[in-house]
Amino acid sequence: MIMDRIALALAIIGGINWGSIGLFRFDIVAWLFGGQTATVSRVIYTLVGLAALWCVSLLFRSDAITDNDI
């Protein structure tokens, strides 16, 4: 499903951003879009959070990974 792929891509972006914060104390999203309180940054943080919540549903769906998806 396309929504699953979009959510997964956003969750990966969020994971990379958190990894850069943890390892280098550098927030990529804030750097790209003008700080943590910039409207665009806040929208991206919100979308990443919603995508992560969507990805939780992938854990509980039996059809989340099939041979046809690969």
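**Helix 1 and its neighbours**

Colleague: What covers the buried residues of helix 1?
Modeller: Helices here are DSSP runs (H or I, at least four residues), numbered from the N terminus. Buried means under 20% relative accessible area, exposed over 50%, and partly exposed in between (1.4 Å probe, protein chains only). Asp-4, Ala-7, Gly-14, Asn-17 and Ser-20 are the buried ones in helix 1, and their cover includes helix 2 (28-33) and helix 3 (39-60).

Colleague: Got it. For the record, this is a predicted model, where local features need pLDDT of at least 70, side-chain atom pairs count only at pLDDT 80 or more, and totals for chains, interfaces and linings use all residues. Residues are numbered from 1 along each chain as its sequence is written, and side-chain values use heavy atoms, with hydrogens and water left out. So how far does helix 1 reach from its first C-alpha to its last?
Modeller: Helix 1 runs over residues 2-24, which gives it 23 residues. The expected span is 1.5 Å times one less than the number of residues. For helix 1 that comes to 33 Å, and the model's own reach is close to it, at 33 Å.

Colleague: Are helix 1 and helix 3 oblique or parallel to each other?
Modeller: Their axes (lines fitted to C-alpha atoms over the stretch in contact, with angles from 0 to 180 degrees between N-to-C directions) come within 8 Å and cross at roughly 120 degrees. Angles under 35 degrees count as roughly parallel, over 145 as roughly antiparallel, 65 to 115 as roughly perpendicular, and the rest as oblique. The two helices are therefore oblique.

Colleague: Which residues in helix 3 does helix 1 meet?
Modeller: Contact means heavy atoms within 4.5 Å. From helix 1, the residues taking part are Met-3, Asp-4, Ala-7, Leu-8, Leu-10, Ala-11, Gly-14 and Asn-17. On the helix 3 side they meet Tyr-45, Leu-47, Val-48, Ala-51, Trp-54, Cys-55 and Leu-58.

Colleague: Let's zoom in on Asn-17. Which residues does Asn-17 touch, not counting those up to four places away in sequence?
Modeller: Asn-17 sits in helix 1. Its relative accessibility is 6%, so Asn-17 counts as buried. Its partners are Phe-26, Asp-27, Ile-28, Val-29 and Tyr-45.

Colleague: And just after helix 1, what phi does Arg-25 take?
Modeller: Arg-25 is in the loop between helix 1 and helix 2, and it's exposed, with a relative accessible area of 79%. Most residues other than glycine have a negative phi. Arg-25 isn't glycine, yet its phi is positive, near 55 degrees.
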